[in-house]
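Please open the model in your viewer and keep the sequence panel beside it, because each stop on this tour begins with a selection. The model is a predicted one.

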Amino acid sequence: KTALVEKILRNQILQKGGHFVLGKFSKTKSVASGPYPALVAALTDFCDLLAQHPDFRSSKQAKLLKKLRQEDTKRLGLLIGNLHRLTGALKRTESTKKSLIAGGEKLGDGEQQFSTQTQADETASLSSSLADIHSSLRKFFRAVTSAEHPLCLCIDDLQWADLPSLELLQLMASGRVSHSSNIKKLQQPHVLMICISREVTSNMLHRLSRKEIKCIDMIEMKNLGIGGINDIVADKLQMDAASTHSLSKIIMRKTGGNPSYVLQ
């Protein structure tokens, strides 16, 4: 599934002027690494891609990004450590990161101490509701994507996603915004979100099948049958399909038809 997205869809998106980024959930990822790990990893790569583009700083997207409200920039900056490369805001220091992870725990000797007001601002940003984070993300996406340069946001290994990440992805997929949001009447961001999972858990299915999520397509990638495996084997060995059938049956028995294992 991942190989299909990365090798085929990624190239098509890049050829047409779009951006492609991927973030993965991990079974062993520590909670201390921060919230929404897969999404943060993908957006970090996205910020790097934009910052490396020679024309970005003079682009319409850069100007729109700098018009984000300070609270949105601060909220996003606490999640995406390299956002400062696009906004020109102060870089989130290592001390800030440790403060966020520790939840206010005293910093070690030699580390920069922040003023009471700064710490209060960070605490307020971290305690932002899911709706606030989603609202800030929508503004970010609306600023840096366009019909000419859309974003494909790929989230892999969704079966290991934590509950807060699932809730945020659910909001992103639904496209809903709070009634108090100033962006509810503005254009939708040009973002295609692809989530990849080895299996669909009951919790995941419940969240992705909610009635307000109307723009989602679920594609089940099934294992190969003996005919498909034999076609691959015959093609790889440049032999007649009848001659490779016995070998294909062995591969079928050992791999269960998993395409990745078959190719290995």
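**Starting at a loop**

Begin by selecting Lys16, which sits in the loop between helix H1 (2–15) and E1. Colour this residue by accessibility and you should find it exposed, since its relative accessibility is 71%. Next add Pro150 to the selection: although Lys16 and Pro150 are 134 residues apart along the chain, their C-alpha atoms are separated by 9.3 Å.

**The whole chain**

Before going further, zoom out to the full cartoon, in which the protein shows 13 helices and 3 strands. Of its 264 residues, 38% count as buried. If you display contacts between residues at least 6 apart in sequence, 70% of them join residues at least 24 apart, and the next stops include individual pairs of residues from distant parts of the chain.

**A salt bridge from strand to loop**

The structure holds 7 salt bridges. As a general point, side chains of opposite charge can pair when their charged atoms come close. Select Lys24 and Asp157 together and show their side chains: they form a salt bridge in which the closest N and O atoms are 3.2 Å apart. This pair links distant parts of the chain, with Lys24 in strand E1 (residues 19–24) and Asp157 in the loop between strand E2 (151–156) and helix H9 (163–174), the two being 133 residues apart. Are the two partners buried or exposed? Lys24 has a relative accessibility of 45% and so counts as partly exposed, whereas Asp157, with a relative accessible area of 9%, is buried.

**A network around Asp72**

Now move to helix H4 (residues 70–79) and select Asp72 and Arg75, which both lie in this helix, 3 residues apart, or about one turn. Their side chains meet in a salt bridge, with 3.4 Å from N to O, and both residues are buried. Keep Asp72 selected and add Lys139, because the side chains of these two also meet in a salt bridge, at 3.0 Å from N to O. Here the pair again links distant parts of the chain, as Lys139 belongs to helix H8 (residues 130–144) and Asp72 to helix H4, 67 residues away. Asp72 has a relative accessibility of 1% and therefore counts as buried, and Lys139 is buried as well, with a relative accessible area of 7%. To see the wider arrangement, extend the selection to Arg69 and Glu71: Arg69, Glu71, Asp72, Arg75 and Lys139 are linked in a network of salt bridges.

**Where H8 meets H9**

From Lys139, which lies in helix H8, widen the view to take in the whole of H8 together with H9. At what angle do H8 and H9 pack? Their axes are 10 Å apart and the angle is about 50°, which means that H8 is oblique to H9. H8 passes H9 in a right-handed crossing. To inspect the contact itself, show as sticks Leu130, Ala131, Ile133, His134, Leu137 and Phe141 on the H8 side, and Pro164, Glu167, Leu168, Leu171 and Met172 on the H9 side. If you colour these contact residues by class, they divide into 9 nonpolar, 1 polar and 1 charged.

Key
Residues numbered from 1 in each chain as written. Predicted model: local features only at pLDDT ≥ 70, side-chain atom pairs only at ≥ 80, totals over all residues. Heavy atoms only, no water. Salt bridge = Lys/Arg side-chain N within 4 Å of Asp/Glu carboxyl O. Helix = DSSP H or I, 4+ residues; strand = E, 2+ residues; numbered from the N terminus. Buried < 20%, exposed > 50% of the residue type's maximum accessible area, 1.4 Å probe, protein only. Axes fitted to C-alpha atoms, helices over the stretch in contact; angles between N-to-C directions. Parallel < 35°, antiparallel > 145°, perpendicular 65-115°, else oblique. Left-handed = near helix turned anticlockwise from the far one by under 90°. Contact = heavy atoms within 4.5 Å. Nonpolar A, V, L, I, M, F, W, Y, C, P; charged D, E, K, R; others polar.
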